[in-house]
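Today I am going through the salt bridges, pair by pair, and checking how open each partner is. Here is what I had on screen.

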Amino acid sequence: MTTTVHSFEIQWNTWHAERESYYRDPLGWVALTGLYWLTDEFETVADLPGRWKADADAVHIEGLDVERLEPVEGAPGILVEDGERRIEVIRRTGSVALRVHDPKSPHLQSFQGFPTYAPSERWTVTGTFTPYPEAKIVTTGAVVEGLEHHHTAVGTIDFELGGERQQFVAFGGKKGGLQILFTDATSGVTTYPASRSLAVEDPDADGRVTLDFNRASNLPCAFTDYATCPVAPAENKLTVAVEAGEKTPEFEVPA
């Protein structure tokens with residue numbers, strides 16, 4: 001038993017360290033310093049080089065080596081170099097924005113990791129995955145008003161938590177497996193209000209899956225005001241307090 005607990009804690013600590021390392025990327029999410037929405041007229045954007053405009057097909061640029069970009073709806077952005085910075089060109093719900101990644105971001109300089117609940121095996125539960133006959137699209141809002149996200153829902157997961165029967169709508173994971181976006185009674189109290197994410201490995205032959213809430217993860221919007229993350233679907237709102245996983249990050253920006 002002691003060996004099992006020790007192994008569980010080692011694996012969780014490794015996962016947590018990898019998560020914090022990911023957010024320390026000098027050109028990553030915590031390095032964002034701005035989000036600027038383009039119009040259909042050429043304009044200078046903040047202190048960025050060139051002049052920019054966007055239409056339904058592309059982004060047009062004056063004054064840079066690149067003159068035309070075609071960001072894909074909902075996909076990671078196209079990066080344009082600006083010295084040490086990177087300008088990320090994204091398309092969301094038909095609109096185009098420029099997101100600025102700066103390794104000198106004050107948020108990045110002050111980033112000290114993020115708080116979590118202490119890992120506990122009691123927050124690891126078994127569920128049953130039931131696939132839909134056909135995948136369907138579930139639309140959710142976003143942390144940016146007016147935007148939408150369209151998720152491919154592949155089935156439901158039934159499980160028990162807090163002495164009650166629960167059910168999640170499961171989306172297909174970007175790298176395989178399943179993804180859950182959910183809120184619970186801690187949301188907006190000790191955890192980020194819009195959503196946390198939970199990665200779930202593929203079901204076994206009997207449809208069993210493991211939900212390890214110790215790995216309930218913040219989306220990038222918990223770390224920056226310049227992300228466009230989805231909110232959790234209404235179906236995935238738990239009434240129980242999931243006191244596991246990542247809490248709301250705290251930042252002290254230098255004066």
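For this entry I call it a salt bridge when a side-chain nitrogen of Lys or Arg lies within 4 Å of a carboxyl oxygen of Asp or Glu. I keep in mind that I am reading a predicted model.

Entry one, the tally. I applied that rule and got 12 salt bridges.

Entry two, Arg-68 and Glu-70. I found their side chains joined in a salt bridge, with N to O at 3.1 Å. I then looked up the exposure: Arg-68 has a relative accessible area of 44% and is partly exposed, and Glu-70 is partly exposed too, at 49%.

Entry three, Arg-196 and Asp-184. Here I see a salt bridge whose closest N and O atoms are 3.1 Å apart. I traced where the partners sit: Arg-196 belongs to strand β12 (residues 196–200), while Asp-184 is in the loop between β11 (178–182) and β12, so the pair links distant parts of the chain, 12 residues apart. Buried or exposed, I asked of Arg-196? Arg-196 is buried, at 1% relative accessibility. Asp-184 also counts as buried, at 5%, because the cut-off for buried is under 20%.

Entry four, Asp-206 and Arg-208. Their side chains meet in a salt bridge, and I noted 3.4 Å for N to O. Asp-206 counts as exposed at 56% relative accessibility, whereas Arg-208 is partly exposed at 44%.

Entry five, a network. Which residues does it link through salt bridges? I wrote down Asp-47, Asp-82 and Arg-85.

Terms used. Residues are numbered from 1 along each chain as its sequence is written. This is a predicted model: local features need pLDDT of at least 70, side-chain atom pairs count only at pLDDT 80 or more; totals for chains, interfaces and linings use all residues. Side-chain values use heavy atoms; hydrogens and water are left out. Buried means under 20% relative accessible area, exposed over 50%, partly exposed in between (1.4 Å probe, protein chains only). Helices (H or I, at least four residues) and strands (E, at least two) are DSSP runs, numbered from the N terminus.
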